[in-house]
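Reader: Please take me through this model one step at a time, and explain each term when it first comes up.

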Amino acid sequence: MEERSAFLCGVVEGFYGRPWSMDQRKVLFRWMQNWGLNTYLYGPKDDLKHRLLWRELYTGEEEVHVKALILEAKSRGLCFVYSISPGQDIVFSSSYDVSLLKRKLRQVADLGCQAFAILFDDIDHSMCQADTETFSSFAHAQVSVANEVFCFLGEPSVFLFCPTEYCSSICSPSVSKSPYLQTVGEELLPGVSIIWTGNKVISHELSSESLAEVQTVLQRPPLVWDNLHANDYDSRRVFLGPYKGRALSLCGNLTGVLLNPNCEFEANFIPLHTLGTWHQAGKEERKDEGEQYCPERALNAALRDWLEELSQPLQPGRQVRPTDTRSCRPSMRSRNESADDKPDPTSTQPIKTLTKTPQDCDGHCPTHAVPQKPNSRNESPAVTVSSKDKGMRMESWASRTPRDKAQGRRQCSGKNLLNESQVRLLVGLHYLPHEHGPPAKSLLQDLTWLKANCHYVSANGNKKKIHPQKADEWRVRAGHFQVACDEVALLHESIVNSINRAVLYDLYPYVWDLRNTLLVAKAFVIWLEGRFFSESFSGSWKDCFHWCGTTAGSELVGVESEPWAFKGGLSGELQALLPMGTSSDLFIHPPPLFPTSHVYNIRPFYNKDKVELYHMVHQLYERGQGSHDSSLVHPDYIGDLYLGAALALCPEYSFVLEDELGVCGCVLGILDVRYYSKRCQASWIPAMRDKYPSQAKGTNGQSATKESLPFFLEELWDYPDSLLYHFPSQLRLDGLPELMDCSVSRSLLTTLLTALKANGSRGVFCEVPSADRLRLEFLTKLGFLEIMRFDAHNRDGVVLGRLL
């Protein structure tokens, strides 16, 4: 009876996705022992022998692992609860199925397990004909099997039952009037505890009133299976915030609380640490010692301990890297040390060849940790770099060969220690399902305000002169937003270079996703200032933002809605605030196999970029030709041919991608191709005739430019009205093949599409040579549909279009 009355508090491994490893579970048990938690429930949905193949016994080798896990839990003073989920295909009236269920649980009991759970969650309410003839209801069938198994196991002190109606929102018609719950409460044996998740599957808060109602119907206090930090329903979200929204007074109405946390093991340090603090505070309160639980204080304590954990040289799978053990102790660095004081990441270790999986990476992977360029290289606020980097004078990319560029990039050191401010930023950006942390709130509020007030800084906005203070306020807030974006980019770099590779591989996809979204958002904000918004083009800028979201996800669906009603978390909400926000294929894509710490910047084109862009496309042209073309006597010819007209006539739709060595990519857009063609005929072509006169001779004595002028005219190829009606805009995308992170090309393209749609474009197309398979595949993945094949002036290629 003493064991039955003990308050169960701990962890349930009950998520969908890859189960944790044995080593990770052993670390979990150590954490739980240190933090005062007492119960672990084994129930990963994707363990075949837990759910899909529940009838099958464990093999001899599997028995060894299960027994070792049970003994490890017991050695830490934990109650190990083995759960099984037979509800998908069990025939409740079949004595054979019931005997197989008993046999499976008896096998686990013989391995030393003394606590069990039978789960009927997430299954269909329907029964087969045999069960319908035997039982009066679905609830009767479940209760009959649960009671029989409970007695067969000798009525263990801990036996849990998860009903199919496990929260208020899925009870029919309500909790108090649900025939299913009434049957479960009346007929389930008193020694069986019933699992409950709250008002929702993922409850924002747990109230004493709702739990009292459940207790009345179930005729016993429930055990809460808490999905507060579960993230298996959204691949773009992870929750690092503290345990909150559960008053200590609830403990008197509960049998226990088991937290079903993030799928990524390393993401659960703070959730479980603060759960332990909550549990200890609850025990003190039950002793009338007046101890109160404060989520903020619990978070501060957890952060301090997590910093110690993050300083450990752990590989994926929690393996210690022996070579780094002595040089990376927590004592080497104060928690209050600034980012600029971190160990120098410019180590020149040899690059280690990687041919298998990320687990093979020992911190010297073929990726690059690079600083952002100083502000002098960028007219927008740049990422802050250390004093050492600021003192280094970057050579122009134009003077470097591809080999020089590769040698100039720094390697992923894997030796950096995150400081407290960085970890707080990480947690604040990935907080809780119903609540954002302060940095995330600030990003959303600033972007919403900047978007709504961009008319104060537009080139054709009358309010700019009437309200100069509003224009100044806009620029200040835009600067703050850009700095915040840069801080996330630096956080991404620091995590990639951090010593704890186990944390890196668990959290990298989320930080990487947010970094890419903010690359687009930052470039869009910079683009908004001083732009001439179209008044005549269909769908002017005045009403363009009806495509964008205006509220946060929690506000949009309500705090009592399930978090999966608005997917994507902070990244998804930032995406929704952009004109291309509904185009998920532009924002959602898998991260690279090996993390890269490159710090990129996307910004509008400035006149000073022309030299680098021309040099870039000239080298790309030479690589395509396979040799230097000496007939091109003028160094600007290729640049003028491919980029010149767009840069001269519509620079407001030109964006550049840059890394630490300068410009490494660009995308050029034309809002209205018809209008652009008229301007080319009137000004650009005559200018080119003047620049490349027909009497200019090449080195071989033949007229090179006289024959080349038709190539400029090809840019004015007469596109059919049927194409331009649906796709009035055009783009050109170029980038260096040395780019290590191909996702930035996607972000670069998304930035242009965002600007085009903000000014009312319905669709955009581009020409791609048939031989350029990589670009064709890339654009096709982004939703560009093949419109037609063309063969004009010996140009064989494809026209691809995308509706905006």
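Reader: Does Asp-97 count as buried or exposed?
Author: The terms rest on relative accessible area, taken with a 1.4 Å probe and with protein chains only: under 20% is buried, over 50% is exposed, and whatever falls in between is partly exposed. Asp-97 has a relative accessibility of 6%, and therefore counts as buried.

Reader: What kind of model is this?
Author: Residues are numbered from 1 along each chain as its sequence is written, and side-chain values use heavy atoms, leaving out hydrogens and water. Local features need pLDDT of at least 70 and side-chain atom pairs count only at pLDDT 80 or more, while totals for chains, interfaces and linings use all residues, since the model is predicted.

Reader: Which residue meets the side chain of Asp-97 in a salt bridge?
Author: A salt bridge requires a side-chain nitrogen of Lys or Arg within 4 Å of a carboxyl oxygen of Asp or Glu. For Asp-97 and its partner Arg-55, the N to O distance is 3.0 Å. Asp-97 lies in helix H4 (residues 95-110) and the partner in the loop between E2 and H3, so the pair ties together parts that are 42 residues apart in sequence. The partner is partly exposed, with a relative accessible area of 23%, and its name is Arg-55.

Reader: How many helices and strands are in the chain?
Author: Both are DSSP runs numbered from the N terminus, where a helix (H or I) has at least four residues and a strand (E) at least two. By that rule the chain has 27 helices and 17 strands.

Reader: With which residue does Lys-45 form a salt bridge?
Author: The closest N and O atoms of Lys-45 and Asp-121 are 3.4 Å apart. Lys-45 lies in the loop between E2 and H3 and Asp-121 in the loop between E4 and H5, so the pair ties together parts that are 76 residues apart in sequence. Lys-45 is buried, with a relative accessible area of 5%, and a relative accessible area of 5% also makes for a buried partner, Asp-121.

Reader: Over the face of which residue does Lys-45 lie?
Author: A charge sits over a ring if NZ of Lys or CZ of Arg is within 6 Å of the ring centre and within 35 degrees of the ring normal. Lys-45 lies 5.4 Å from the ring centre of Tyr-16. The ring in question therefore belongs to Tyr-16.

Reader: How are the planes of Phe-15 and Trp-20 arranged?
Author: Rings of Phe, Tyr and Trp (its six-membered ring) pair if their centres lie within 6.5 Å, and planes under 30 degrees apart count as stacked, over 60 as edge-to-face and the rest as tilted. The structure holds 20 aromatic pairs. In the pair of Phe-15 and Trp-20, both of them buried, the centres are 5.2 Å apart and the planes stand at 55°, so the pair is tilted.

Reader: Which residues form one aromatic cluster with Phe-15 and Trp-20?
Author: The cluster extends from these two rings to residues with other positions in the sequence. Besides Phe-15 and Trp-20, its members are Trp-31, Trp-35, Phe-265, Phe-269 and Trp-306.

Reader: What is the phi of Gln-219, and where is Gln-219 placed?
Author: Gln-219 is placed in the loop between helix H8 (208-218) and strand E7 (223-226). Gln-219 is exposed, because its relative accessible area is 52%. Although Gln-219 is not a glycine, its phi is positive, at about 60°.

Reader: What is the omega of the peptide bond from Ser-172 to Pro-173?
Author: Pro-173 is in the loop between strand E5 (158-162) and helix H7 (179-187). The peptide bond that leads into Pro-173 from Ser-172 is cis, with omega near -5°.

Reader: Which residues are in contact with Thr-197?
Author: Thr-197 is found in the loop between E6 and H8, and is buried, with a relative accessible area of 3%. Contact means heavy atoms within 4.5 Å. Leaving aside its neighbours within four places in sequence, Thr-197 is in contact with Tyr-166, Cys-167, Ser-203, Leu-206, Trp-225 and Asn-227.
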